[in-house]
Amino acid sequence: MKKYIVRILTLSTLFVGSLFSSCSDDYMEDLNTDPSKAPSIDPNAQLSYRLTGISEK
């Protein structure tokens with residue numbers, strides 16, 4: 001019975017801890033932004049780059 005109570009307390013503590021440690025949207029947006037990539041690409045330049053890559057093979 002003691003193992004059961006300890007297991008429930010451990011799981012509930014982990015659950016409550018995960019609720020308090022959730023990330024905000026601003027933090028996740030900064031974390032998921034790749035600094036080495038351009039924010040937008042001209043579609044014409046992207047297409048010509050892809051066609052050049054295909055023609056070299």
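**Close-up views of a three-helix model**

**View 1. Overall surface.** About 5900 Å² of the protein is accessible, with 62% of that area from carbon and sulfur atoms (Shrake-Rupley method, 1.4 Å probe; for residues, only the protein chains shown count as cover). The model is predicted: local features need pLDDT of at least 70, side-chain atom pairs count only at pLDDT 80 or more, and totals for chains, interfaces and linings use all residues. Residues are numbered from 1 along each chain as its sequence is written, and side-chain values use heavy atoms, without hydrogens and water.

**View 2. Helix H1.** The protein has three helices and zero strands (DSSP runs, H or I of at least four residues and E of at least two, numbered from the N terminus). The 19 residues of H1 should span 27 Å at 1.5 Å a residue, and the end C-alpha atoms of H1 agree, being 27 Å apart (expected span: 1.5 Å times one less than the number of residues).

**View 3. Ile 8.** This residue lies in H1, residues 2-20. Ile 8 is partly exposed, at 41% relative accessible area (buried is under 20%, exposed over 50%, partly exposed in between; 1.4 Å probe, protein chains only). Among the 19 residues of H1, zero are buried.
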